[in-house]
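Biologist: Before we discuss the strands, please show me the sequence and the structure.

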Amino acid sequence: MNIEMNENTTLYGIIGHPLGHTLSPAVHNSAFRACGIDAVYLPFETLDPFTCLKAAKALPIKGLSVTIPYKSLIVKHLDFVELTAARIGAVNTVINRGGKLHGYNTDASAAREALEDVLKPQETTCLVLGAGGAARAVGFALKGVCRSLTIANRTARHAEELARSLGCGWVGLSDVCDVKADLVINTTPVGMHPQTGSIPVPERALEHASAVMDIIYRPKRTALLELAERKGCRTIRGEEMFLRQAAAQFRLWTGFEAPFERMKDTFEGAMKGIK
Ligand code: ATR
């Protein structure tokens, strides 16, 4: 995409590591173009998110997306954190207002919307794989809506901490097959481009599942979703959450309604020909 820039062009970006998979720049740049907004959005792959935040304060960087593995880590390094994001304990959206960084979370509402068709209030038993920033948002979205919620994670201590803050159950990954869940949601990076063959849990963990969501959007059909399809489960792809969280970021940054169809078309176009 050719992007024209001038001395007034506003700068946005995404911080995370790794960022090789990200389609956020393509989607946000296309949204800016569609709305005639003079802005550009760049990937800032970094191992030093805190210096990036300082740079954002000092430079005219108007907004940042935050992704793996920094969504929880950065919360304490912001000047203000909106109430929902503070409750979740994770920020995926930063706005720079005159050198003060404000944190928001658009993942939780995006997850809730993406799961709307498969989640039966007070009936569905849910299993969330992972206990990082994205899992916090997904867990928050499900809390109080489903019948039961269990967190399963590689590092038991992280699962326990998140479960305590959500008031739900937890297991280590080795015990994940003991959990009988209707809905399984993967929030770990296992299966993400370029390691596309991996699955975060053994097949038996899907034994009772009728629906599976993976928040990974690249590839579109992760190995977990392929397995879930073969088992006859309904599947929800990562793009359902990805595009919604991006649209909500766009609204927060610009004050304009997001051009959702254009963002979706750009996503589909970018996914063509890549794995
Ligand atoms: P994000 O902010 O995107 O959620 P994160 O906070 O780094 O990123 O969380 C990543 C989650 O994926 C964590 O729950 C992590 O497990 P640990 O708590 O054990 O670190 C999980 N994860 C990352 N790589 C994994 C792997 N190879 N196998 C299983 N779980 C993994």
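Biologist: In what order do the six strands of the open sheet stand?

Modeller: This is a predicted model. In it the order is S9-S8-S7-S10-S11-S12, and the pairing is parallel.

Biologist: What makes S9 and S12 edge strands?

Modeller: Strand S9 (169-172) and strand S12 (234-236) each have a single partner strand, so one side of each has no neighbour in the sheet. As for twist, neighbouring strands of this sheet are turned by 20° against each other on average, with direction ignored.

Biologist: How do you know that S10 and S11 pair?

Modeller: The criterion is at least two bridges found by DSSP between two strands. Strand S10 (residues 183-186) and strand S11 (residues 211-214) are joined by four bridges and run parallel, so the pair meets the criterion. In one of these places, leucine 183 has alanine 211 of S11 as its bridge partner.

Biologist: Why is strand S3 called largely enclosed?

Modeller: Buried means under 20% relative accessible area. Five of the six residues of S3 (residues 61-66) are buried, so the rest of the structure largely encloses this strand.

Biologist: Which strands pair with S3, and in what sense?

Modeller: Strand S1 (residues 10-16) pairs with S3 in the parallel sense over five bridges, and isoleucine 15 stands opposite valine 66 in S3. Strand S5 (residues 93-97) pairs with S3 in the antiparallel sense over three bridges; there, serine 65 stands opposite threonine 93 in S5. Set against the requirement of at least two bridges, five and three both qualify, so S1 and S5 each count as paired with S3.

Note on methods. Residues are numbered from 1 along each chain as its sequence is written. This is a predicted model: local features need pLDDT of at least 70, side-chain atom pairs count only at pLDDT 80 or more; totals for chains, interfaces and linings use all residues. Side-chain values use heavy atoms; hydrogens and water are left out. Buried means under 20% relative accessible area, exposed over 50%, partly exposed in between (1.4 Å probe, protein chains only). Axes are lines fitted to C-alpha atoms, for helices over the stretch in contact, and angles run from 0 to 180 degrees between N-to-C directions.
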